[in-house]
Structure formats: C-alpha cells, structure tokens
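Let's take a walk through this structure together. Have the sequence and the 3D view open as you read.

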Amino acid sequence: MKKLTALLLFCVMVFSGSSVLAQDSQGYKIGDKASDFKLQSVDGSWVSLSALRNAKGAIVIFSCNTCPYVVAYEDRMIELHNKYAAMGYPVIAINSNDDKLSPGDSFDKMKERSKDKDFPFAYVYDKTQEVIKAYGGTRTPHVYILNKEGNDFVVKYIGAIDNNYQDASAVTERYVENALADLMNGRKVATSTTKAIGCTIKWTKKAE
Amino acid sequence: MRSLILSILAFTLVWFKGDNHLYDEQEPVFAIIDFPEFERMADAKTGKIRVFNFWATWCAPCVKEMPYFQQVKAEDEDLELIFISMDDGRRPERVTDFMKRRNITSPVYLLNDVDYNQWIDKVDPEWSGAIPATLFVKPNGVRSFYEGEMTYEELKTMISQLKK
C-alpha cells in the first residue's frame, strides 16, 4: 500500500511537472547557464556543447525541415555558420518536432535536407524534446546565442535572426550579428531578446 | 505603399466578383492590412466578443482548428470572428484560393508586416510568436490571449468564461 501511494504521488508529481513545463514554457532567460546536451547529428556524430573545439560559444537554432520561415532562413543560417564558426561561434541547428505529427521532420528527412542544402553546420535531432523544453523554445526558427564563460555556456541572446524573413536584402536589423558583435567586443548585448512569427513546435502528445 | 496598392487590387477583385454574382451568397471579405489597421480593428467597439485568430495556409495546426472557430461563431450571435493571415503578402492568391477550397466564410485579413518584433508584444506580451494564436477582445475592450491550437470544446469554454 505504501508503495502504491508512493507510486501515485510520483505520477502526480511527474504529471504536474510536465504540464507546468508545457504551459509556461519559460525556459532560459538572458544570463542563465544553458545545460549541456548530447544529440546526434545528420552525419552520425554526437554533438554537445562541452565537446565543441575552440568554441567561444554557440549559435543554437531550433529549426526543422518543414517550416516556411526556416526555409526562408536556411541560406542565412549557412552564412552565419561560415562567418562565425571560425570566430568561435558555430551554428548548431536542433530539430525538436515530433516526427509522428510531422513526418517531414524525421531524422532521415533531416539527412536529406542537410545534403540537399549542403549544411556546413551540425543538424541534430532532439527526439525526446528535452533540450527544447529546457531552453524554452516555442517556434522555428528560434535562436539562442550562448557565450562560453569558464566551463559554462551562458545565454546572451534569444530571438529572431533578423527583421525580414522574406527578403535578406531588405533587412534593417541584424539581431544575431549585432549580438555577436557586442559579445566579441566585450560589450553588453544591446538587443538581447526579439520576437518573430514562427512555426509552432510539433509537441509529442502526452500518453493518456 | 505596396501594401496599399495590393489592398486596393484585392478589394477591386472582391468587388467585381461580387458584382458578377449578384444573386450568389456574398463573397467573404479579404484584404491586405498593416499593423495600425489591425489595431483599429482590435480597438473597434462593436458590442460583440471579437475573436482574432492568427494563422497561415501552410500551418497544419492552424488549418485544423479553423473549422472549430467557424462552427463556434455560427452557433453564437454574440461573436465576431476575424482570421488574421500571416501568409506571404506577395502571394495573396494563396489565401484567397484557400478560402474558396476550405469554405472560409469569415473575413480574412492578411497582416503584411514582417518586422514582427515591432508588433508582436503589442498584440500580447505573452505571445512568443508561434502560430496558431488567438486574441479575444470583450465588448468592454478587455483582452485575453491564447497561444496554441484549440479544440471546439476549449474554444466554447473560453467564450463562456469571457461572457461571465
């Protein structure tokens, strides 16, 4: 009986805990330490923050295959990686969509997309959605710039890539590039959070 | 300026279509708007609960919930339903084609302003920017906001709470 009560209590705790996560989805705020992850990339390798070589940080982008906003930004994501990886800030694209709800976002489809677009950055699969829940990502694309301070990766920017998904040449605010410039010059990031319309994350349905 | 021309074009299209089918049912409203126009709509006093549903033709959960919104609106005279499209303003035909195909009878406005960070917080500070999302405005102007997909029952519950 004691065991049963404990089990029930445990279930209630787990259930209420997960619903809190799903409802407020607060995740990280500016200045929080990002927890490390270990996720498999499309080339079969495992990617984690602690294993990044010569990194001063990372540009973590919650992404996917199927969102038109992501598609509009793919070339700019490639440019960001090509420009900033050498300066210590590689792009890590993370797909967290449930592939049952969104078959176009399966790991195999990620491999195809990465090959078609010749992604120079890691494109990893967060199948359990634990990473995006920890970060508090809600949409794609959703950028988190991390800065390495000692052994910690500290969140310095959360938001959009820039202010015009339709036309890269019409952009007037390069949020991510401005934040990186501030970081690399040892300044406080002037615009540390922005918002954009994005595709909702295809959250795994809780088992009934 | 471009959005103004597009709006006039879209309006003219709707106008002529309406003219040709005088005895048909009225064509649903479609127009391209900017954010100040949206704000005027959200602030207008009509004596009804106004439901602004943010969606896009390519957004699967949005498309799934639209019939529930239309159904709830059909069952309730105290409601006004306005669909706010986040589709590409350069391709309004994607929206108008969708409206015909899916039998969208409520007015649809394509909010053509991609400088999202300038206006998302003005709709509601709690909105992360993910769609679907819905803004409810009571007749007295009090706003409620819901981010995420809604079922028919959830929508019904929300409306009855707003009426209390």
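A good place to start is a pair of residues in chain A: T140(A) has C199(A) as its bridge partner in β10(A). Keep in mind that you're looking at a predicted model. Zoom out a little and you'll see that β7(A) and β10(A), the latter covering residues 198-200, pair in the antiparallel sense over two bridges. As a general point, strands of a sheet pair through backbone hydrogen bonds, either parallel or antiparallel.

Now add a strand from chain B. The open sheet has three strands, in the order β7(A)-β10(A)-β5(B), and its pairing is mixed. β7 (139-140) of chain A and β5 (130-131) of chain B stand at the edges with a single partner strand each, so each has one side left without a neighbour in the sheet.

Next comes the nonpolar core. In soluble globular proteins, nonpolar side chains tend to be buried together. The largest core here holds 93 residues, and the ones touching the most other members are I59(A), I92(A), V176(A) and I131(B). Helix α2 of chain A, residues 68-84, gives the most to this core, with six residues. Try looking around I59(A): beyond its neighbours within four places in sequence, its contacts include L80(A), Y84(A), V143(A), I145(A) and V176(A).

Last stop, chain B. N53(B) sits in strand β2, which spans residues 49-55. Is N53(B) buried or exposed? It counts as buried, because it has 26 C-beta neighbours inside 10 Å. Setting aside neighbours within four places in sequence, N53(B) is in contact with F69(B), F83(B), I84(B), P132(B) and T134(B). Of these, I84(B) is 31 residues away along the chain, yet the C-alpha atoms of N53(B) and I84(B) are separated by 5.8 Å.

Key. Residues are numbered from 1 along each chain as its sequence is written. Chains are lettered from A and ligands numbered from 1 in the order in which they are written. This is a predicted model: local features need pLDDT of at least 70, side-chain atom pairs count only at pLDDT 80 or more; totals for chains, interfaces and linings use all residues. Two strands pair if DSSP finds at least two bridges between them. Helices (H or I, at least four residues) and strands (E, at least two) are DSSP runs, numbered from the N terminus. A nonpolar core is a set of buried Ala, Val, Leu, Ile, Met, Phe, Trp, Tyr and Cys residues joined through C-beta atoms within 7 Å. A residue is buried if 20 or more other C-beta atoms lie within 10 Å of its own, exposed if 12 or fewer, and partly exposed in between; C-beta atoms are placed from the backbone. Two residues are in contact if their C-beta atoms, placed from the backbone, lie within 7 Å.
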